[in-house]
Amino acid sequence: MRWLHDRSIGQKFFISFGVILSLLALSLTALLVYLSRINSYVDRHKRITVPAIVTAATMQRSAYEMNLTLHLFLEQITKADAADTLARLSRHAEQIRSSLDLYRSTHAARTHPILLGMLIQHQRMDLADQEDRAIDEVDRILLDLSALWQTALTGPQGAGAAPSPVAKTDGLIMELMNNLDQLVAAHRDIDVEMKVEGDLLLQQARLIALSLVAVLGLVITVIYASVNRQIATPLQRLSVTADRVAHHDLTAQFESWPGRDEVGTLAASLSSMVTSLREQTAATARKTKELEAFTYSVAHDLKGPLREIEGFSSLLEKQFADGGDAQTRHQIDVIRRSALRLTHMIDALLKYSRLEQQNLPRQRFNVLEMITTLITDRFTGLQGPKPKIQVALPFADLYGEPVSIRQAIANLLDNAAKFSRQASPPTITIGGTRMEHERILWVQDNGIGFDPSHNDKIFGLFERLHSPQEYEGTGVGLAIVKLVTDKHDGRAWVESAPGSGSTFYLAFPDRREAVGPQPRRRDKADG
């Protein structure tokens, strides 16, 4: 087993199938051998036993006709003369002698080594001896009868006691018939022994077949257990550990495999991979912390001067509000607005960075209630025309991290309100779709839309399709939306066309537990 343990998987399968095929070949050979033996038995039965009994029965019939011919002549029932009767008797004797020679050379047990071996094995040599004695007696009686017929048929005959030659002839014929009966009985007993031999062969064939099937089943079971223990089970353990690693559990340890087959090589490679991943993850974590600290430091250092720029520009704006030329006031206004916009961009970038570093614990929450509260908070007290907002969500609950999802929906609402404010009237529709494994939420507006070729670009960080003078914004809002769906293992995409508005889709993986009642269609109009 240790030698097999160190073989490759291909060699193990080759050896296993070789053993199975060898056993199958052995089984087939054994069955063919026993089938040939059974076929030999059937052939012997057809060539020896049945013809022997038929030949013996033929001799019995000739002996009976011989006896009948003799008695008919002696009792003067027939009109035949002595010469004709003698010829008929000689013909019957010749038939018996011819059949006896055929029996002796073809059907006798001692002329067939296999048949004789079977009688020796069964300890029934008495049947062969009985057969030999009957053959010898029949041969002797035929010789005696040939010498007595002339005297018996030509001697004086009377109604009283039978002459001595006639009585002796009649006795020899009766003895002949008795010996032929012994010959038939002997071969019938030999036939019984052959049937016993056939039954024994069939039983042995069945036993051999069952034994080979049992051995084959045992070998297959042993091979299955060996393959399961040396290949399937280690691979299953490796797959479980690999799944843990795939789900970012780098504490998982791959078991070392003592063999030098593919499983051992795979285990060693995976163990080396996990070690490398741990080192790279630790290095990445250190660099991320350093980068995060650097980001906050730079943001803090930048926001200080920006606050001073914004503050002094505000003072200058107030100072030149009533005096000074228009160009000076415009330049001060540009400085102040640029400082504010840069401050907002730094805040948005920090928000994106914090969200990217966070682990989002998920739970099931009422998203419909969240959207209702969000609409109230976002658009109550809004200056200017307020959009008409329609909520048609076919589900009330969602599985995810509520704070980040609220931020994503809020960004989409702000985006829809910003780009639809020129519409008459501006309209925002919030809807959704429940799929088998996910729930999709969408926000639709009737704003200016954009070219579909920008669908992938629009979710990029700091990607803008319009200048800040046309539409305010930092270029981070939709990037946060995409980041939120990515961290939820979901999807985000958009459908739009110039002048036809835009529809933003958020897809989140679903879990079956639901909270709260099923929602109704809701419409909310502001303004």
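Here are a few notes on a predicted model, one feature at a time.

1. Start with strand β4, which covers residues 427–434. Is this strand mostly buried or exposed? Six of its eight residues are buried, so the rest of the structure largely encloses it.

2. Now look at who sits beside β4. Strand β2 (residues 388–392) runs parallel to β4, and five bridges join the two. If you want one spot to click on, try Q390, which stands opposite T429 in β4.

3. β4 has another partner, strand β5 (residues 438–445), and here the pairing is antiparallel, over seven bridges. To get from β4 to β5, the chain makes a hairpin through three residues. What is the bridge partner of R434 in β5? That would be R439. While you have these strands on screen, here is a handy rule: in a regular strand, side chains alternate between the two faces of the sheet.

4. On to the aromatics. How many aromatic pairs does the structure hold? Just one. The rings of W493 and Y505 have centres 5.0 Å apart and planes at 5 degrees; planes under 30 degrees apart count as stacked, so this pair gets that label. The two partners come from distant parts of the chain, 12 residues apart: W493 belongs to strand β6 (residues 491–496) and Y505 to strand β7 (residues 502–509).

5. The two rings' residues get separate burial labels, and the cut-offs tell you why: buried means under 20% relative accessible area, and partly exposed lies between that and 50%. W493 has 25% relative accessibility, so it counts as partly exposed. Y505 has 17%, so it counts as buried.

6. Over in helix α5 (residues 125–154) you'll find Q130. Is Q130 buried or exposed? Its relative accessible area is 17%, so it goes down as buried. Leaving aside residues up to four places away in sequence, Q130 touches Q182, A185 and A186.

7. Last, a look at the surface. Which residues make the nonpolar patch of about 400 Å²? They are F13, F17, L21 and L24. Take L21 as an example: this leucine lies in helix α2 (residues 9–74). With a relative accessible area of 56%, L21 is exposed, because the cut-off for that word is over 50%. Try colouring the four patch residues, F13, F17, L21 and L24, and you can pick them out on the model yourself.

How values were computed
Residues numbered from 1 in each chain as written. Predicted model: local features only at pLDDT ≥ 70, side-chain atom pairs only at ≥ 80, totals over all residues. Heavy atoms only, no water. Patch = residues over 30% accessible without salt bridge, like charges linked within 9 Å, V, L, I, M, F, W, Y side chains within 5 Å. Areas by Shrake-Rupley, 256 points an atom, 1.4 Å probe, with all protein chains shown as cover. Salt bridge = Lys/Arg side-chain N within 4 Å of Asp/Glu carboxyl O. Helix = DSSP H or I, 4+ residues; strand = E, 2+ residues; numbered from the N terminus. Buried < 20%, exposed > 50% of the residue type's maximum accessible area, 1.4 Å probe, protein only. Phe/Tyr/Trp six-rings, centres within 6.5 Å; stacked < 30°, edge-to-face > 60°. Contact = heavy atoms within 4.5 Å. Pairing = 2+ DSSP bridges.
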